[in-house]
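Please look through the sequence and the model below before reading on. The paragraphs that follow begin with one helix and then move outward to what surrounds it.

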Amino acid sequence: MLRTGVRSVLRTLQSRTLASASTQEQAARSSSFKVQDSNDFNERVKNSKVPVIVDFFATWCNPCRLLTPRIEQVVAEKQGKIVLAKVDIDENTDLALDYDVNSVPVLVAMKDGKVLEKIVGLQDVDKLKKFVDKYADA
């Protein structure tokens with residue numbers, strides 16, 4: 001009987017943890033998108049009504065893999081005041097060249113189609129929060 005009660009409590013805790021994790025993942029997904037091509041970039045980034053952080057990355061880049069969940073979480077916390085556009089440099093070479101991306105990861109803050117700031121390399125969460133806060137609250 002005690003085992004049944006413990007199992008029931010554990011299942012409840014696991015389902016709540018999974019539910020909150022999926023809620024966090026959904027928030028991150030709704031505040032970010034992957035750029036498909038130059039036209040998509042022009043429509044969703046350059047013409048955006050809110051500031052955009054553009055994450056130039058490559059699938060083979062280990063620092064990019066570490067940066068992505070960090071920046072997604074920081075942007076998701078801003079609840080739509082800023083969005084994240086992810087650009088795979090191997091799929092969108094022209095965009096990478098247009099924005100002088102020589103190494104990855106690179107984060108570019110944009111508003112009204114204009115580059116405001118660029119940071120290169122893996123960043124800790126505190127620096128990402130300062131970077132995002134600067135443009136989300138503007």
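Contact here means that heavy atoms lie within 4.5 Å. In this predicted model, what covers the buried residues of α2 includes, in that sense, β1 (32-34), β2, β3, α4 and β4.

The buried residues of α2 are Asp40, Phe41 and Val45, and because they cover an arc of only 100° around the axis, they sit on the same side of α2. An α-helix has 3.6 residues a turn, so residues three or four places apart point the same way. Asn39 and Glu43, on the other side of α2, are exposed. At the N-terminal end, α2 is capped by aspartate 37, which has a side-chain oxygen 3.1 Å from the backbone nitrogen of asparagine 39.

From the buried side of α2 one can turn to the largest nonpolar core, which has 23 residues, and in which Val35, Phe41, Val45, Val54, Phe56 and Val101 touch the most other members. At least two residues of this core come from each of α2 (38-46), β2 (52-57), β3 (83-88), α4 (93-98) and β4 (106-111), and β2 gives the largest share, with four residues. Apart from its neighbours within four places in sequence, valine 45 is in contact with Phe33, Val35, Asp40, Val52, Val54, Ala85 and Met110. There is also a second, separate core of 15 residues, including Ile71, Val74, Leu128 and Tyr135.

The loop between α2 and β2 holds asparagine 47, which counts as exposed because its relative accessibility is 52%, over the 50% cut-off. Its side chain reaches the backbone oxygen of asparagine 42 at 3.2 Å, while the C-alpha atoms of asparagine 47 and aspartate 112, although 65 residues apart along the chain, are separated by 6.4 Å.

Terms used: Residues are numbered from 1 along each chain as its sequence is written. This is a predicted model: local features need pLDDT of at least 70, side-chain atom pairs count only at pLDDT 80 or more; totals for chains, interfaces and linings use all residues. Side-chain values use heavy atoms; hydrogens and water are left out. A nonpolar core is a set of buried Ala, Val, Leu, Ile, Met, Phe, Trp, Tyr and Cys residues joined through side-chain atoms within 4.5 Å. Buried means under 20% relative accessible area, exposed over 50%, partly exposed in between (1.4 Å probe, protein chains only). A polar contact is a pair of N or O atoms within 3.5 Å; within protein, one must be able to donate a hydrogen and the other to accept it, and residues adjacent in sequence count only if both atoms are side-chain atoms. The arc is that of the directions from the helix axis to the C-beta atoms.
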